[in-house]
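Visitor: Could you take me on a close look at the place where the two chains meet? I would like one connected account of that part.

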Amino acid sequence: MLLWTVIRRLIYSVILVVAVLVLNFLLIHLAPGDPADVIAGEMGGATEEVLASIRKAYGLDQPLYVQLWVYLKAAAGGDLGQSFFYNAPVIDLILDRVGATLLLVFTALGFAIVVGTTLGVIASRKPTGIVSNLVTVISVIGYSAPIFWTGIMLIIVFASLIPLFPISNMYDVTKSVGPFGYALDVAHHLVLPAFTLGIVYLAQYSRLTRASMLEVLGSDYIRTARAKGVSERKVYGRHALRNAVLPIITIAGLQFGGIVSGAVLVETVFNWPGLGTLAFDSILARDYPTILGILFFSAVIVIVANLITDLLYRVADPRIRMAK
Amino acid sequence: MTVLKVDNIVVDFATRRGNARVLDHVNLEVNEGEILGIVGESGCGKSMTALSIMGLVPSPPGNLTSGSIYLEGRDLVGLSKDEMREIRGNEIGMIFQEPMSSLNPVFTVGEQIAESVRLHENASQRAAWERAVEMLRAVGIPEAEVRAKSYPHQLSGGMRQRVMIAIALACNPRVLIADEPTTALDTTVQAQIFDLLEELQKSRGTAIVLITHDMGAVAQLADRVAVMYAGRIVETGTVEQVLTMPRHPYTEGLIACVPHLQPDPPEKREPLLEIPGVVPSLTELGDGCAFAPRCNRALATCTGRQPVLKTEGNGHATACWAVEAELENV
């Protein structure tokens, strides 16, 4: 039953989210440094009395388990605390930024999957041909180039040599006129960051698709399809790809966490106003509540993505759909 | 009337160790409503003959070097890819030896049968589906309407082979090629599949090329039989001729290898016979008869020249120097 599976998975997910919260909370508190110092530092020259009063105000003088309990209780109600640095509720900061990150991540992922599988299928048609070798070379380059390096190279190229795409920010106030103009402008700004983030995964998906296609193409049911008189295009596009795409779904789901963390780098390089830049700034400012909140949110995103992957896999593979 | 005529086809495979002649001037004829058995050891070219007829010889490395294949008088060799695709699944259907893996796991069996119908006939989705259900019923699958919505993994091996037969016969082909259709199945299921093939052949008049190494199946089903060895046909004739009066030493050996159930086993049981030696590598065939190194009746001529099929008056043909010499002496 699909519904039962979803409910069961949701229950697991809630347990997982709580575990993530607890673990992150404890990890942050294991880190050296006193948050009170940070808060006081912003104000300047703090005496022991000031620090004590700050600890009292923020509940930092309580035992760790009490702090944890208070945090969890508040989190259950949607309150992730107050940012020391921005002096605003963490949840508001995150909700402000999460859309930009999701837009970047899903565009990059969509680009990687669509272009990657297409290249993989083309490469599998002639596994020793020029196109296939070209795809292999592009894949190796894309896979081995670090994200920040690719980003910086693109910035250099598109800032001075070919000023075709904007290299920073998400939109340009002077160009975003009306909702349509805004969308177009955001899309224009999205090109370079999404490409930078996507190219690594595109490389992997094209290799994976090529290997997976070659394996599927050698199977007996492909011979059956040919014996039925199915055209080569349909043999590849319908009979083979439907089977070859199964490992891609699995890998894409598993890598989703990696893509989100890759987004931190890309956002920093391109000054994209998402969770990544927020995380980067919060870490520099030692803004613990914000860091905790971002970690929590990215965990939730990854868990939800895995849930969706699982469901997608069920749709794509009847053998899993039917299994208990 | 001859439906399918394989005329002197030669298939070569380019291998690292040189050219392998996989099929060496193979001739076959299948008449309307007839079952032709092709028997021989693994690697003798049975399946390659089938793939040649289907136009599915993997190329590269394979290549149909010469010869013709006539389907109702029309030469299939040299047809364009599109023309050949129109013939596959429509005029010639094929079933394979691995029913467990021959069906696409992500489509229902009904979809897979209906696809064949829609490829070759101008049928609506609904009509194609109805034909699929009807075909499932015809191949003896109970609750066909329900089963059509099943995925392959939900069916047993025997059921899957029935589905394969339904796919192959969905467009009412003139010829059905069955490439070891029961090798992967239980004995009882084997018998069911053979019965089904026989019944369908009778009710639909489809000519069947039955590729097998099961002599029992040939005896039960086939009208005529061709024995292959190392890419050549070494003996052909009616089932009665070949199985009861085998001429070629290889055929004799094959028949002697078949184990028999004896109701009262004698005290001293006889060991099961085997043909000594192994099938020669196709890249290292000499000028002589390929079977000569394993043959207990080999003559001096056998290693020097390749024997050709010599037909006796009753249609029984053998390619063997020893047999030829014997028949001349009679």
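Guide: Here is a walk along the interface of chain A and chain B, with a short look into chain B at the end. This is a predicted model, in which local features need pLDDT of at least 70 and side-chain atom pairs count only at pLDDT 80 or more, while totals for chains, interfaces and linings use all residues. Residues are numbered from 1 along each chain as its sequence is written, chains are lettered from A and ligands numbered from 1 in the order in which they are written, and side-chain values use heavy atoms, with hydrogens and water left out.

Let us begin with the extent of the interface. On the side of chain A, 20 residues are in contact with 26 residues of chain B, contact meaning heavy atoms within 4.5 Å. Together the two chains bury about 2,200 Å², and 59% of that is on carbon and sulfur atoms; buried area here is the accessible area (1.4 Å probe) that two parts lose on being put together, summed over both. Of the area that chain A buries against chain B, 27% is supplied by R223(A), A227(A) and K228(A), more than any other three residues.

K228(A) also forms a salt bridge with E115(B), with the closest N and O atoms 2.8 Å apart. A salt bridge is a side-chain nitrogen of Lys or Arg within 4 Å of a carboxyl oxygen of Asp or Glu, and the count between chain A and chain B is two.

Now for the elements on the side of chain A that touches chain B. Those giving two or more residues are α9 (220–228), α10 (232–270) and α13 (318–322) of chain A; helices are DSSP runs of H or I with at least four residues, strands are runs of E with at least two, and both are numbered from the N terminus. The largest share, seven residues, comes from α9(A). By class, this side of chain A has six nonpolar, five polar and nine charged residues. Here Ala, Val, Leu, Ile, Met, Phe, Trp, Tyr, Cys and Pro count as nonpolar, Asp, Glu, Lys and Arg as charged, and the others, Gly among them, as polar.

Finally, a glance into chain B. Strand β6 (residues 92–95) of chain B is covered on both faces, with I92(B) and M94(B) buried on one side and G93(B) and I95(B) buried on the other; buried means under 20% relative accessible area (1.4 Å probe, protein chains only).

Terms used
Buried < 20%, exposed > 50% of the residue type's maximum accessible area, 1.4 Å probe, protein only.
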